[in-house]
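Notebook, structure session. I opened the file and looked up a few points on internal space, one loop residue and one helix pair.

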Amino acid sequence: MTGFAEATRHRLAVGRRAAPGVGISLAVAMVALFLASHYGAPVMLFALLLGMALGFLRERERVAPGIRLSTRTILRVGVALLGARLTLTDLTALGLTPVLITLATVAATLLVGFGVARALGMGGRFAVLSAGAVSICGASAALAIASTLPRDERLHLDTVLVVVSVSTLSTVALVIYPILAAQLGMDDAQAGVFLGATIHDVAQVVGAGFSVSETSGETATIIKLLRVALLLPLVLGLALVLRERGNHHPPGQPRKRPAPPIPGFLLGFLALVGINSLGWLPAPLMAVLATTSTACLITAVAALGIQSQIGEMLKLGWRPITVIVLQTLFMGAMGAMLVGYWLPA
């Protein structure tokens, strides 16, 4: 009983220390949501920019613990709750061909995107981060992948740069890709698969899909959720690789402290997908969990913005942005080619 009381007191103390920073991050997230709903720009981009404007707060002792909590714990809760949006039934209703197109597009973008990043002189961690964000689900994927990689200041800057880039490119694709689909003669089903398989962020996929037709919008959303589901094996694979490296030690040297086990937020993600697929989640609860997931992710992005140092980001140069643009162009071309070849009108 004494141990439980001590643990409770410790958690309350951590909560009190974190409250100011979490409160500021949450307030930025709410303002970003308001602006995004009125001006139509990506909410993640607004959250980052507003957070950067408050960057002077990062050095405040009262704020720092909550900012750290937002970029770690709250982020992982948000990623875990993404599982409430997914169900296997939706995927089986599409048929095999759209699923194969999506899997092939994602796999090719991961491999080619990684190679492009390395060819332009970027490190392995940036290559994984950018290729994963572009191929899977934009900002959410970037945050989930970053939460698995070893932390340092460069990783933080890379994550912010990737989130800004994919959010911006998603908005560009929201406008251009429906026009491109029409120019290529795609019908509603083809356009839905193309848009869902190639646009980075969920909100932009939904907007682009329903701008074509209701059928296209529904198809694009399901295809996009399939890509979100692929976040699990990607991050799980990264966690296992990094754990193995962390546990490796040369003969004759002291054994390193074992790397942490598979992150719990991945198990939460998988559990929610399974429960949702079995129909055990009531629709109102699914809506609450999906909204909570979005709120957590936006709050985490706002905290990332507060932690960012714009001057340091500018020192990263032109290569990172060029890499993400090339990865995006490749994914768009790959998706259009596969839809035209495998999914005739």
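Which element gives the largest share of the lining of the largest cavity? I found that α11 does, with three residues.

Before going on I noted that this is a predicted model, where local features need pLDDT of at least 70, side-chain atom pairs count only at pLDDT 80 or more, and totals for chains, interfaces and linings use all residues. Residues are numbered from 1 along each chain as its sequence is written, and side-chain values use heavy atoms, with hydrogens and water left out.

Entry 1, cavity. I used a 1 Å grid over the protein atoms alone, a cavity being a set of points where a 1.4 Å probe fits but cannot get out, and lining residues having an atom within 4 Å of a point. The count came to one cavity of 30 Å³ or more, and the largest has a volume of about 40 Å³. Its lining is L86, T87, D90, L91, I222, L225 and L226. Two or more lining residues come from each of α4 (88-94) and α11 (214-229); helices here are DSSP runs of H or I, at least four residues, numbered from the N terminus.

Entry 2, L278. I placed L278 in the loop between α13 (264-277) and α14 (283-307). L278 counts as exposed because its relative accessibility is 54%, the cut-off being over 50% with a 1.4 Å probe, protein chains only. The C-alpha atoms of L278 and the lining residue T87 are 8.1 Å apart, across 191 residues of chain.

Entry 3, helix pair. The axes of α9 (188-198) and α10 (202-212) come within 9 Å and cross at roughly 165°. The two are therefore roughly antiparallel, a term for angles over 145 degrees.

Terms used: 1 Å grid on protein atoms, 1.4 Å probe; cavity = no way out; pocket = protein on both sides within 12 Å on 5 of 7 lines; lining within 4 Å. Points joined across faces, edges and corners; volume = space filled by probe spheres on them. Buried < 20%, exposed > 50% of the residue type's maximum accessible area, 1.4 Å probe, protein only. Axes fitted to C-alpha atoms, helices over the stretch in contact; angles between N-to-C directions. Parallel < 35°, antiparallel > 145°, perpendicular 65-115°, else oblique.
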